[in-house]
Amino acid sequence: MFRPLSLFFALSASAVAGDAKSPITATGSSGDWEFSLSAGAGLRHSGTYGFLGGSRSANVLIPSFVGDNSLVTPDFGTLSDYGPRTYQDGFVNVDSSTPIDGLTSHWGYMNSGQVDVAADLIRFHATGFQSIRSDVRSLSAAPFGREREISLAPVFQLDARYKREIAGIRPGFSMFFSCSPADINRNWSDFSLTQNRNDFRHDWTDAYHLGGLAGFIPSAPYSGAPDSPGFLLENLPGDRELISVLIGSENALITNQVSTKFHVDHSTLSFGPTIAHRIDSQWNLEAGLGLSLHWLRWSASQRERLSVETGGNSTLIGEWRDSSSGNKVLAGLYLQFAVEWEPAHELWTIKGLLRSDVGQKFNKAIGPSSVYYDPDGLTAALLLTYPL
């Protein structure tokens, strides 16, 4: 089976050695080889590049910007224990007989509207306050961005081709160069915390039974003395009622804003053997396979800001910055096919090529995030070729 690449290396060695018995002889000042330089533009469709986002805000201990829980209870005792009770419109204290019979003469009230003769009750009123805080936390999935580099790129190729055909094949070698940029610029948020505080006024009403003596209760305002022969009242309320009224609220929204940037200048230098076959006087086909070196000049940065918004105003409460840059060389392989058109009586030719690259991949952590670049891809180019 014919193996053109093996023949190419054998013929190259003979030409360099200058063996007098070799059937190959120099033809002109360039010897047995012809050289050409091609330049043009290519559409480069590279492999994927992107980032996997991460943030710090979710791990930060965030204080309350709306206050804390609180409870202010009036000094009116419990429904199960005897004791002094203070109200906005009166008081019910204890005297020496209260532990025995539950009654006290040491009480007072301020206005006649507190007495409900029909219900045989006297009512006292007290006010308390309560603040209730609640937090709602939201952490979304880590953002993931992936794109493909599709851009126009300058392409240069240096070719050396053996002047003689061997079984219809002309061996040679080529060197290829191209460069193009790739960019990622993303703004995103993956954390939010809503803090809320509601303030309530508690309106308490204690009702005391009058034992059928509502019509004999002293007129308001009244204040009895302890252990006096005055009107006796039970020290324990018969009923306690609470009405809660929302009197205010405060909210705070804490969110993060993250900006991730990644830039890479991707330069490709490749070299390897080629084989060419002439179809007719104007058309050539060429194929090549070899080694590629991908030089990445890259820079990446991430900035995260944690802010709180209260009352329409935004305040920065935390900020983190991460950045890194460098150079990375990745190795790979390429496979390339080309079609060359040689117009009659012209030195220049036009070449169209299609190549595929595969190789190593680049990955780098930037703070809690990571960026990556994969140079695998396709390049289609149109070149103008001149002999050297």
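The following exchange discusses selected residues, cores and a cavity of a predicted model.

Colleague: What conventions apply to this model?
Modeller: Residues are numbered from 1 along each chain as its sequence is written, and side-chain values use heavy atoms, with hydrogens and water left out. The model is predicted: local features need pLDDT of at least 70, side-chain atom pairs count only at pLDDT 80 or more, and totals for chains, interfaces and linings use all residues.

Colleague: Is F176 buried or exposed?
Modeller: F176 belongs to strand 10 (residues 170-188); strands (E, at least two residues) are DSSP runs numbered from the N terminus. Buried means under 20% relative accessible area, exposed over 50%, and partly exposed in between, with a 1.4 Å probe and protein chains only. Because its relative accessible area is 3%, F176 is buried.

Colleague: Which residues is F176 in contact with, leaving aside its neighbours within four places in sequence?
Modeller: Contact means heavy atoms within 4.5 Å. Under that rule, the partners of F176 beyond those neighbours are V155, F156, Q157, T268, L269, S270, Q336 and R355.

Colleague: Which residue shares a polar contact with the side chain of S55?
Modeller: S55 sits in the loop between strand 1 (33-52) and strand 2 (70-72), and at 15% relative accessibility it counts as buried. A polar contact is a pair of N or O atoms within 3.5 Å; within protein, one must be able to donate a hydrogen and the other to accept it, and residues adjacent in sequence count only if both atoms are side-chain atoms. At 2.9 Å, the side chain of S55 is joined in this way to that of D190.

Colleague: Which strand gives the most to the largest nonpolar core?
Modeller: A nonpolar core is a set of buried Ala, Val, Leu, Ile, Met, Phe, Trp, Tyr and Cys residues joined through side-chain atoms within 4.5 Å. The largest has 17 residues, and W107, Y109, I122, F124, L210, I217 and L233 touch the most other members. At least two residues each come from strand 6 (107-109), strand 8 (121-139) and strand 11 (191-209). With three residues, the leading contributor is strand 8.

Colleague: How many residues does the second, separate core have?
Modeller: This core includes Y49, F262, F362 and Y373. Its number of residues is 16.

Colleague: How much space lies in the largest cavity?
Modeller: On a 1 Å grid over the protein atoms alone, a cavity is a set of points where a 1.4 Å probe fits but cannot get out, and lining residues have an atom within 4 Å of a point. Grid points are joined across faces, edges and corners, and a volume is the space filled by probe spheres set on the points. The lining consists of R44, H45, S46, H266, D357, P375, G377, L378 and T379. The space in the largest cavity is about 40 Å³.

Colleague: Which peptide bond is cis, with omega near -10°?
Modeller: P221 is placed in the loop between strand 11 and strand 12 (222-223). The cis bond leads into this residue, running from A220 to P221.

Colleague: What is the phi of A167?
Modeller: A167 occupies the loop between strand 9 (144-162) and strand 10, and its 65% relative accessibility makes it exposed. Although A167 is not a glycine, its phi is positive, at about 55°.

Technical notes. Helix = DSSP H or I, 4+ residues; strand = E, 2+ residues; numbered from the N terminus. 1 Å grid on protein atoms, 1.4 Å probe; cavity = no way out; pocket = protein on both sides within 12 Å on 5 of 7 lines; lining within 4 Å.
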